[in-house]
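Colleague: Could you walk me through this model and tell me how each label was earned? I would like to see the cut-offs next to the values.

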Amino acid sequence: MSPAAASPADSDLVRAARGLPVTRTPVWFMRQAGRSLPEYRALRAGTAMLAACQDPDLVTEITLQPVRRHQVDAAILFSDIVLPLVVAGVDIEIKPGIGPVVANPVRTVADVDALPDLDAGQLAFLETAVRALVAELGPTPLIGFAGAPFTLATYLIEGGPSKEHARTKAFMYAEPEAWGRLLERLSLSAATFLRAQVDAGASAVQLFDSWAGVLSAADYAERVLPHSRAVFDGLGERDVPRIHFGVGTGELLPLIGDAGADVVGVDWRVPLDEAARRVGPGRSLQGNLDPAVLLADRDTVEREVRRVVQQAQAARGHIFNLGHGVLPDTDPDVLTRVAALVHELTAR
């Protein structure tokens, strides 16, 4: 974390998100806590993913592991995008090598109306974990985390991960009223989940819309954006930076910002100088090193990191990250070196 920060609110991450001067470019990595770390694999052994996400002690330790190891500038809450649905009572299992699998997919209007609502009273475990993390992290900010309505809808309708998301889009086109009700319910759930984290001390939030890139800009603007905006609006007057990220969203970058983001996350497909042009001057950027680069040789990694840092100079503010999550086969030492290199290249 930044040596100058006295509190998370004055950290380089929060300042970069707001477009304020920083002591150096802040760094964190999506999926920095998880399978790339041997200490994570040891701790998780014998505990199912969704059970681990609801154990405050495990959440605290797993969230802290990459901060200790990599000296990154923020922690990201260890969680899963389907967790609010599971806590509310939806039967979902995360199957190793597959991902979230829904026992009873949403296929009809009646299925939408039968979904259980998330109650804030069900999130005591989350508040406990966040408070413990904030106490341990000191001036290093904790980023709260939730899945965006569209991406959660894809899991519910497809019944699990999908490449085409054809059932989802067919439902969106054929049942516009039910689609709107589904995304409205999911936006309320995501906002409840984020509010619990912010009220317990999280210093920023990120909304992951992993699969929004399968949509045209017109469909996103009409059928998805209002519901993502409702999530951010659900934070009310809580004064924390809002990061919004999706994969394959080059055509959607201006719209993703319009949903209410202070920071637009960019995947590796669009260079950050071009992303800055698309997003406009009023928002900061996060990204966007290709996670696969980390599997290459040392010179390649360094060259690509330098390129991202250089292109990011076009943005109002920059948070260095990957263009998607850390791949499981990544050598943790490479992540540590990347964080150190970004700090060295950008020290003011």
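Modeller: Happy to; we can go through the salt bridges, the sheet, the helices and one strand residue.
This is a predicted model, in which local features need pLDDT of at least 70, side-chain atom pairs count only at pLDDT 80 or more, and totals for chains, interfaces and linings use all residues. Residues are numbered from 1 along each chain as its sequence is written, and side-chain values use heavy atoms, with hydrogens and water left out.

Colleague: What makes Glu61 and Arg68 a salt bridge?
Modeller: The term asks for a side-chain nitrogen of Lys or Arg within 4 Å of a carboxyl oxygen of Asp or Glu. For Glu61 and Arg68 the closest N and O atoms are 2.9 Å apart, and the pair forms a salt bridge. By this rule the count comes to 17 salt bridges.

Colleague: Why is Glu61 called partly exposed?
Modeller: Buried means under 20% relative accessible area, exposed over 50%, and partly exposed in between, using a 1.4 Å probe and protein chains only. Glu61 has 26% relative accessibility, so Glu61 counts as partly exposed. Its partner Arg68, at 47%, also counts as partly exposed.

Colleague: How do you know that Arg69 and Asp333 meet in a salt bridge?
Modeller: Their N to O distance is 3.8 Å, and the side chains meet in a salt bridge. This pair links distant parts of the chain, with Arg69 in helix H4 (residues 56-70) and Asp333 in helix H16 (residues 332-346), 264 residues apart. Helices here are DSSP runs of H or I with at least four residues, strands are runs of E with at least two, and both are numbered from the N terminus. Arg69 is partly exposed at 28%, and Asp333 is partly exposed at 42%.

Colleague: What makes the link between Arg181 and Asp113 a distant one?
Modeller: Arg181 lies in helix H10 (residues 176-199) and Asp113 in helix H6 (residues 109-113), 68 residues apart. Their side chains form a salt bridge at 3.1 Å, N to O. Arg181 has 32% relative accessibility and counts as partly exposed, as does Asp113 with 42%. Elsewhere, salt bridges that share partners join Glu39, Arg69 and Asp333 into one network.

Colleague: Why is strand E5 described as largely enclosed?
Modeller: Six of the six residues of E5 (residues 204-209) are buried, so the strand is largely enclosed by the rest of the structure. Ala204, Gln206 and Phe208 point one way, while Val205, Leu207 and Asp209 point the other way, and all are buried.

Colleague: How do you know that E5 pairs with strand E4?
Modeller: Two strands pair if DSSP finds at least two bridges between them. E4 (residues 142-147) and E5 have five bridges and pair in the parallel sense; Gly144 has Val205 as its bridge partner in E5. Five bridges also join E5 to strand E6 (residues 242-246), again running parallel, with Leu207 opposite His244 in E6.

Colleague: Why are strands E1 and E9 said to stand at the edges?
Modeller: The open sheet has seven strands in the order E1-E4-E5-E6-E7-E8-E9, with parallel pairing. E1 (75-76) and E9 (318-322) each have a single partner strand, so one side of each is left without a neighbour in the sheet.

Colleague: How do you know that the length of H10 agrees with what is expected?
Modeller: The expected span is 1.5 Å times one less than the number of residues. For the 24 residues of H10 that gives 34 Å, and the end C-alpha atoms are 34 Å apart, which agrees. H10 is followed by Gly201, whose phi is positive, near 125 degrees.

Colleague: And in strand E2, what makes Glu93 partly exposed?
Modeller: Glu93 is found in E2 (residues 92-95), and its relative accessibility of 46% puts Glu93 in the partly exposed class. Contact means heavy atoms within 4.5 Å. Leaving aside neighbours within four places in sequence, Glu93 is in contact with Leu50, Gly99, Pro100 and Val101. Glu93 and Met49 are 44 residues apart in sequence and 8.9 Å apart in space, C-alpha to C-alpha.
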